[in-house]
Amino acid sequence: MSRKGQNNLTVLSLFTGAGGFDLGLEAAGFQIVGAVEADNDCRRTLTLNRPAWPIAKKRDIHSYSPIELAKEFSLSPRRLTLLSAGPPCQPFSKSGYWKHGDSKRMADPRAKTLHALFDIIEHLLPRVVLIENVGGIAFANKDQGLKYILRRFKRINSTKRTRYQPKIFKLNAAEYGVPQIRERVFIVAIRDAIDFTLPSPTHHLEANPGENTVPATTCEEAIGMMRPATSAQPLKVGGRWAKLLPSIPEGRNYLWHTEKGGGKKIFRWRSRYWSFLLKLARDKPSWTIQASPGCATGPFHWENRKLSIEEAARLQTFPSNYKFQSSYTSSFKQIGNAVPSAIGELFGRAIRRQILGENISIKLSLIPKRQLHNHPNPRKSPSQRRLIHARGYPK
């Protein structure tokens, strides 16, 4: 479809990464008319899978003035439907607290991307702005990044006579059918102050059932049928603690081998990060896929190995035919840094219904089809299943 024919559903994507979120917008009927991404491997992934997406010639967003960027993609002020952005989350992430006791947040040099982002917003004045980040951006008393975002919208309204009223949503992807527990913050701002509400969850975790919801999509339902080629990717777990992984039950982590667990007393209680030796449970959603896991960082497959690239991509709801041709480490980083594609589709469909007034279904096409009943080798007895259900999620 030509850009002219789809000009009421146009998207400019900033900090595109491997395209996870924007693939969801595409599945919801939007057209990507420009993408800006600095990482060379991500750029190759985008070119391989979506050659029709125009990718910025310059890698660094700071190399552009807003006018130059608009000119490259033939964009005019107030004509763009949606600007989507997932600025680097490291300045606001939990990992910063674990590694250093705190994070630099707005003092982090990577946070300057927020300045560049809002300079572009102020020039283009898209009808809808959609920003994604980690939950840490909204932590109490550590929300400098969020406060900056709100100040910039207020300034834009004052100088450009717009009525952006940013609304902040925190959602868990598992509650919308994504086979992964992944909490993120989304900020939606509409130029003409139309109200926007987050669609109601469609799935529930065991500990939090809701009305008109179905059980969360499990790992077995999403990737139980997948059998990676053992020679294609380095899936063997290495490092000092590799031999300990088989002794940890499904759905548990290193805490199994503490004084409060059921294994050996090897570690002190809560002395390690949560994903240390964390193993998937077949009858639960995955825990958050990490972008740069260490040799002992999970989640690991219940077969006591690393996840394949295809499995990780499925848990992030990338389209099934999407390819990653970089190294295992780079491909996993691209996948781990992405927003689940189905969540992009969720917002895209909701925006079309609520803001553009279209009669479009909210049902998501990117949720993996359930595979459990066709699994050739369930590998769990009824007693094992009852035990896992009784334990619930480790805390």
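## Close-up views of a predicted model

**View A. Asn-172 lies in strand S5.** Welcome to the first stop in this structure, which is a predicted model. Asn-172 counts as buried because its relative accessibility is 7%, below the 20% cut-off. Its side chain reaches the backbone nitrogen of Arg-182 at 3.3 Å. Arg-182 also appears among the residues that Asn-172 touches, together with Gln-180, Ile-181, Glu-183 and Leu-205, once residues up to four places away in sequence are set aside.

**View B. The largest nonpolar core has 60 residues.** Look here for Phe-196, Phe-318, Ile-343 and Phe-347, the residues with the most contacts inside this core. At least two core residues come from each of these elements: helices H1 (20–27), H7 (219–223), H8 (309–315), H9 and H10 (341–354), and strands S4 (128–134), S5 (167–172) and S6 (183–190). H10 gives the largest share, with 6 residues. In soluble globular proteins, nonpolar side chains tend to be buried together.

**View C. Ile-343 is in contact with residues distant from it in sequence by over four places.** With its neighbours within four places left out, the contacts of Ile-343 are Phe-21, Leu-171, Ala-173, Tyr-176, Val-178 and Phe-186. Another core, of 34 residues, lies apart from the largest one. Its members include Leu-69, Leu-124, Ile-131 and Val-185.

**View D. Helices H1 and H10 pack with their axes 6 Å apart.** The angle between the two helices is about 45°, and H1 and H10 are therefore oblique to each other. H1 passes H10 in a right-handed crossing. To follow the interface, start on the H1 side with Gly-20, Phe-21, Leu-23, Gly-24, Leu-25 and Ala-27. These meet Ser-341, Ile-343, Gly-344, Glu-345, Phe-347, Gly-348 and Arg-349 of H10. Two of these H10 residues will be familiar from View B: Ile-343 and Phe-347 are among those with the most contacts inside the largest nonpolar core.

**View E. Helix H2 (residues 40–49) has buried residues that pack against helix H9 (328–337).** The buried residues of H2 are Asp-41, Cys-42, Arg-43, Thr-45, Leu-46 and Asn-49. An α-helix has 3.6 residues a turn, so residues three or four places apart point the same way. At the start of H2, take a moment to find Asp-39: one of its side-chain oxygens reaches to within 3.0 Å of the backbone nitrogen of Asp-41. Asp-41 is itself one of the buried residues of H2. The partner helix, H9, also supplies at least two residues of the largest nonpolar core.

Note on methods. Residues are numbered from 1 along each chain as its sequence is written. This is a predicted model: local features need pLDDT of at least 70, side-chain atom pairs count only at pLDDT 80 or more; totals for chains, interfaces and linings use all residues. Side-chain values use heavy atoms; hydrogens and water are left out. Buried means under 20% relative accessible area, exposed over 50%, partly exposed in between (1.4 Å probe, protein chains only). Helices (H or I, at least four residues) and strands (E, at least two) are DSSP runs, numbered from the N terminus. Contact means heavy atoms within 4.5 Å. A polar contact is a pair of N or O atoms within 3.5 Å; within protein, one must be able to donate a hydrogen and the other to accept it, and residues adjacent in sequence count only if both atoms are side-chain atoms. A nonpolar core is a set of buried Ala, Val, Leu, Ile, Met, Phe, Trp, Tyr and Cys residues joined through side-chain atoms within 4.5 Å. Axes are lines fitted to C-alpha atoms, for helices over the stretch in contact, and angles run from 0 to 180 degrees between N-to-C directions. Angles under 35 degrees count as roughly parallel, over 145 as roughly antiparallel, 65 to 115 as roughly perpendicular and the rest as oblique. A crossing is left-handed if the near helix is turned anticlockwise from the far one by less than a right angle, and right-handed if clockwise.
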